[in-house]
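This briefing covers one sheet and the aromatic contacts of a structure. The sequence and the model are shown here.

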Amino acid sequence: MAKVNNYGLFRYLLLLFLLAQCKNQGNEAVVVTKKGEKNYSKTKDTVPKGMVWIPGGLFMQGAVSHDVNAMAHEKPVHKVRVDGFFMDIHEVTNAEFSEFVAQTDYVTLAEREINWEEMKKQLPEGTPKPADSLLQAGSLVFKSIATTNLYDYSQWWQWTIGANWKHPQGPDSSIKGKENNPVVHIAYEDALAYCKWKGRRLPTEAEWEYAARGGSEATIHSWGNEVTALAEMANTWTGQFPKENTKKDGFEGLSPVKTYAPNGYGLYDMAGNVWEWTNDWYNSNYYHELGLENRTTLNPEGAAKPFNKNNPYAQERIIKGGSFLCNASYCASYRISSRMASSLDSAMEHLGFRTVKGAYQK
């Protein structure tokens with residue numbers, strides 16, 4: 001799928017926080033949406049290198065009642081049970097992705113030539129074709145800007161020709177010396193290609209959220225409820241977004257993986273640093289359709305099809321975890337229940353992934 005190379009067009013496919021008005025309804029029921037995996041008793045020798053075993057269990061997915069920053073599409077909270085699985089202890093790094101590319105000669109979406117005929121299929125009919133000078137391979141890079149309008153996120157994103165995983169800030173930048181940073185500018189199909197090579201898969205949204213809790217219940221963040229600990233626990237934007245970053249947490253941009261303390265399951269960066277792909281379609285109605293707190297969904301794989309009520313052209317997957325750009329005054333997306341929609345061909349400076357593996361996945 002081709003990438004949109006002009007932000008005036010790309011805004012139609014950019015991340016949208018969608019608000020879904022949900023009412024409590026439903027009967028006691030169990031909904032099975034995925035073939036359950038058997039319980040698995042791990043031993044030290046059976047845990048894949050670089051992963052940790054996440055024991056299965058029941059949890060309440062969605063925003064907890066005392067989260068004042070919760071958005072409507074994080075509600076209503078609903079019962080979910082997931083089987084155990086393995087998960088990467090940290091986001092896939094530049095070093096790990098480099099090994100994949102070296103062995104497969106894979107070319108990421110951000111590095112490929114643009115096909116306008118394919119790209120325009122994702123846009124409203126009649127959208128004008130950008131200048132040929134803009135229809136070149138590239139990706140979105142963050143730029144700091146003084147603004148008081150936090151609703152127009154096009155202001156701080158710049159389409160940069162030559163930006164990709166090897167050149168995160170543009171053609172003159174490099175990942176040399178940043179081998180332990182999470183790989184970024186990764187589109188959905190790029191993440192899938194890596195997973196296939198590794199014998200893994202992307203987590204479902206439910207798996208990701210369950211793992212982020214680290215065994216805790218009803219907490220807003222992966223470390224608890226206190227936002228005052230944010231700078232010590234995660235790489236986010238400290239200061240006035242998007243104008244000034246105080247670097248109170250030690251970083252202005254990406255930080256190496258495992259910089260901050262892990263959660264209760266031994267997982268790093270489940271809050272901040274980079275957004276992470278999940279395998280679920282984004283559907284504005286999904287949480288509502290799951291039913292109410294009296295329904296338990298087993299191993300949900302998300303909506304059967306995408307739907308964004310604000311953008312009927314969107315084909316989006318859910319990303320989780322927030323990034324180094326998340327700020328309390330803007331999105332506070334370092335919260336466990338926070339979720340965002342991202343188009344399949346989106347590749348950005350703050351978007352990466354981690355992998356999971358089922359207990360009996362070969």
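The points below deal with a three-stranded sheet, the helix packed on it, aromatic pairs and charges over rings. This is a predicted model, in which local features need pLDDT of at least 70 and side-chain atom pairs count only at pLDDT 80 or more, while totals for chains, interfaces and linings use all residues. Residues are numbered from 1 along each chain as its sequence is written, and side-chain values use heavy atoms, with hydrogens and water left out.

**Sheet**

- Three strands make up an open, antiparallel sheet, in the order S2-S5-S15. Strands (E, at least two residues) and helices (H or I, at least four) are DSSP runs numbered from the N terminus, and two strands pair if DSSP finds at least two bridges between them.
- Strand S2 (51-54) and strand S15 (356-358) are at the edges with a single partner strand each, so one side of each has no neighbour in the sheet.
- On average, neighbouring strands of this sheet are turned by 25° against each other, direction ignored. Axes are lines fitted to C-alpha atoms, for helices over the stretch in contact, and angles run from 0 to 180 degrees between N-to-C directions.
- Four bridges join S2 to strand S5 (residues 85-88) in the antiparallel sense; Met 51 stands opposite Asp 88 in S5.
- Helix H5 (residues 205-213) packs on the sheet and touches S2, S5 and S15, where contact means heavy atoms within 4.5 Å. The direction of H5 makes about 75° with that of S5.

**Aromatic pairs**

- The whole structure holds 15 aromatic pairs. Rings of Phe, Tyr and Trp (its six-membered ring) pair if their centres lie within 6.5 Å; planes under 30 degrees apart count as stacked, over 60 as edge-to-face and the rest as tilted.
- Trp 53 and Phe 86 are edge-to-face, at 4.9 Å centre to centre with 65° between the planes. Trp 53 lies in strand S2 and Phe 86 in strand S5, 33 residues apart, and both are buried (under 20% relative accessible area, 1.4 Å probe, protein chains only; exposed is over 50%, partly exposed in between).
- The ring centres of Phe 97 and Tyr 194 are 6.0 Å apart and the planes are at 20°, so this pair is stacked. Phe 97 in helix H2 (residues 94-104) and Tyr 194 in helix H4 (residues 188-198) are 97 residues apart; both are buried.
- One aromatic cluster includes Phe 97, Tyr 194, Trp 165 and Phe 353.

**Charges over rings**

- The charged end of Arg 317 sits over the ring of Trp 281, 3.6 Å from its centre. The criterion is NZ of Lys or CZ of Arg within 6 Å of the ring centre and within 35 degrees of the ring normal.
- Arg 339 lies over the face of Tyr 287, 4.0 Å from the ring centre.
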